Amino acid sequence: EAVDGRGAVLAGTGTSDFADTVRLGRAARRAGATAALIVVPYFVQPPQRGLLEWFRRAADESELPVILYDIPGRAGVGLSVETTAQLAQHENIIGVKLARPDLIHASNVIASCGPGFGVYCGVEALCFPMLVLGGAGHVSATGNLFPAEMAAMADAVFAGDIDAARSIHYRLLAVNEAIFFETNPIPLKAMLSIRGLARPDVRPPLAPATPELTARLEGILAATASN
């Protein structure tokens, strides 16, 4: 069943190497993680039958419940609706993070996998509509900046208060879009720095936000705070 995000720790343990994925998953369990987020193996672009076998084996080996991470823009290939539905039958695979801007695909995944399988949004601006479609929650970069608001939006949808959730969605829309002004997490780290929550540093080959981008992000955060 879906993970309750309150107090849960979702550890990203997936790599393109199977042994490393298993090793990282076991380290995450020892560290106290609640579930393992395993990304579609990146760069190699396997066929769907290869992904099916990979994730089944990973779930068999995992000492934590597994959430699939479907992000074709970075992995180079995505999970089809049919593959996701087959993987949802595995007793140790409890959900999927969908990081693709496609509500039709999300609707088909939710419909195909059933209510006991958690479908989490991984695209900031689509968190609200995916919740309304029946999503279980979101794994949101914006939640690092506005955690109370992102939690309140989900709680409002679950309580049936769509108007309240919609209001939060539109209040945060500019921030959600700003996350991707450059490659994430460059803008996110800059905004966290502006709010005094983290340093703006990123690892090479990424580069910190330029002064021009930082000024633009400062304006968006100021406007959001005043709403």
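## Exercises on Cavity, Pocket and Core

In this predicted model, helix α1 gives the most to the lining of the largest cavity, with 4 residues.

**Exercise 1.** Describe the largest cavity by its volume, its lining and the classes of its lining residues.

*Solution.* Step 1: the structure holds 1 cavity of 30 Å³ or more, and about 60 Å³ of space lies in the largest cavity. Step 2: its lining includes T13, T21, V22, G25 and R26. Step 3: at least two lining residues each come from α1 (18-31), β2 (35-39) and α2. Step 4: by class, the lining divides into 4 nonpolar, 4 polar and 3 charged residues.

**Exercise 2.** Characterise the second largest pocket in the same manner.

*Solution.* Step 1: the volume of this pocket is about 560 Å³. Step 2: 22 residues line the pocket, and Y69, I71, K97, G122 and N184 lie nearest its centre. Step 3: helix α3 (residues 72-75) gives the most to this lining, with 3 residues. Step 4: the lining has 13 nonpolar, 5 polar and 4 charged residues.

**Exercise 3.** Identify the largest nonpolar core and trace the contacts of M153.

*Solution.* Step 1: the largest nonpolar core has 65 residues, and M153 is among those with the most contacts inside it, as are F55 and L68. Step 2: helix α2 (residues 48-61) supplies the largest share of this core, 6 residues. Step 3: another core, of 8 residues, lies apart from it and includes L37, I71, I94 and A99. Step 4: leaving aside neighbours within four places in sequence, M153 is in contact with C127, F128, L131, H138, A165, I168 and H169.

Notes
Residues are numbered from 1 along each chain as its sequence is written. This is a predicted model: local features need pLDDT of at least 70, side-chain atom pairs count only at pLDDT 80 or more; totals for chains, interfaces and linings use all residues. Side-chain values use heavy atoms; hydrogens and water are left out. On a 1 Å grid over the protein atoms alone, a cavity is a set of points where a 1.4 Å probe fits but cannot get out, and a pocket is an open set with protein on both sides within 12 Å along at least five of seven lines; lining residues have an atom within 4 Å of a point. Grid points are joined across faces, edges and corners, and a volume is the space filled by probe spheres set on the points. Ala, Val, Leu, Ile, Met, Phe, Trp, Tyr, Cys and Pro count as nonpolar, Asp, Glu, Lys and Arg as charged, and the others, Gly among them, as polar. A nonpolar core is a set of buried Ala, Val, Leu, Ile, Met, Phe, Trp, Tyr and Cys residues joined through side-chain atoms within 4.5 Å. Buried means under 20% relative accessible area, exposed over 50%, partly exposed in between (1.4 Å probe, protein chains only). Contact means heavy atoms within 4.5 Å.
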